[in-house]
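Dear colleague,

Please find below the structure I promised to hand over. My notes on what was found in it follow directly after.

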Amino acid sequence: MSVAEVTLSLLRPADPDELLDEEAFKNDEFLPYWAQLWPSALELCEAMPTSLAGLRVVEPGCGLGIPSLLAARRGAQVTATDWAPDAIDLLVTNARRKDIELDAVVADWRSFTGTYDLALAADVLYEERNIAPLLALLPELAPTTLLADPGRPHAKLFYASADRHWTVTPVAQRVTQLQRRVE
């Protein structure tokens with residue numbers, strides 16, 4: 001696959017629906033969203049700066065981690081997180097295959113902390129229950145977030161709330177830049 005002028009060959013689940021697990025769903029409504037190749041991740045890559053040299057970058061809910069892989073390839077120190085251990089294992093495998101260095105961590109964004117220069121998020125607004133934790137998390141993680149969303153129903157609520165804490169700027173068709181306001 002070629003994204004943002006970089007060729008990446010990724011291992012990924014052939015059929016993400018085969019990963020559905022009723023027991024995991026009963027425990028915190030876990031679904032294998034991570035296993036999908038989301039168009040929003042590709043849009044985010046296209047909107048990403050071409051040089052991220054020296055920046056500390058985080059991607060909460062990384063899934064397959066395409067933005068994380070590209071950010072690392074562009075010189076960033078990347079921490080990719082997902083609450084699915086299988087997602088993190090596969091991301092580590094894909095990074096090793098391409099000699100890409102990044103930290104990949106199993107973490108739930110409802111309790112994750114850290115300080116970074118830039119946060120990347122692709123298609124994380126698919127459930128209403130994600131809005132409040134992301135509104136709390138993103139401004140604490142980094143002064144700037146690039147967020148790609150295909151227009152999920154809950155995105156409007158997220159952006160209306162985010163507008164109180166950030167300067168919200170569309171930067172590409174489906175990508176928004178959120179910058180923390182200085183008050």
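**Surroundings of V57**

Beyond its neighbours up to four places away in sequence, V57 touches A71, A76, Q77, V78, T79, Y116, L118 and L120. Please bear in mind that this is a predicted model. V57 belongs to strand β3, which spans residues 56-59. Its relative accessibility is 0%, so V57 counts as buried, the cut-off being under 20%. V57 and A72 are 15 residues apart in sequence, and their C-alpha atoms are 8.5 Å apart in space.

**Nonpolar cores**

A71, one of the residues that V57 touches, is also in contact with M48, L52, A76, V78 and L120, leaving aside neighbours within four places in sequence. The largest nonpolar core has 27 residues, and within it A71, L102 and L120 touch the most other members. Two or more residues of this core come from each of α2 (39-47), α3 (66-73), β4 (77-82), α4 (85-97), β6 (118-122) and β7 (144-148). The largest contribution, five residues, is that of α3. A second core, separate from this one, comprises 23 residues, among them W109, A121, L138 and A142.

**Largest pocket**

The largest pocket holds about 410 Å³ of space. Its lining consists of 30 residues, and those nearest the centre are G61, D82, W83, W109 and Y126. W109 thus appears both in this lining and in the second core. By class, 17 of the lining residues are nonpolar, five are polar and eight are charged.

With kind regards

Key
Residues are numbered from 1 along each chain as its sequence is written. This is a predicted model: local features need pLDDT of at least 70, side-chain atom pairs count only at pLDDT 80 or more; totals for chains, interfaces and linings use all residues. Side-chain values use heavy atoms; hydrogens and water are left out. On a 1 Å grid over the protein atoms alone, a cavity is a set of points where a 1.4 Å probe fits but cannot get out, and a pocket is an open set with protein on both sides within 12 Å along at least five of seven lines; lining residues have an atom within 4 Å of a point. Grid points are joined across faces, edges and corners, and a volume is the space filled by probe spheres set on the points. Ala, Val, Leu, Ile, Met, Phe, Trp, Tyr, Cys and Pro count as nonpolar, Asp, Glu, Lys and Arg as charged, and the others, Gly among them, as polar. Helices (H or I, at least four residues) and strands (E, at least two) are DSSP runs, numbered from the N terminus. Buried means under 20% relative accessible area, exposed over 50%, partly exposed in between (1.4 Å probe, protein chains only). Contact means heavy atoms within 4.5 Å. A nonpolar core is a set of buried Ala, Val, Leu, Ile, Met, Phe, Trp, Tyr and Cys residues joined through side-chain atoms within 4.5 Å.
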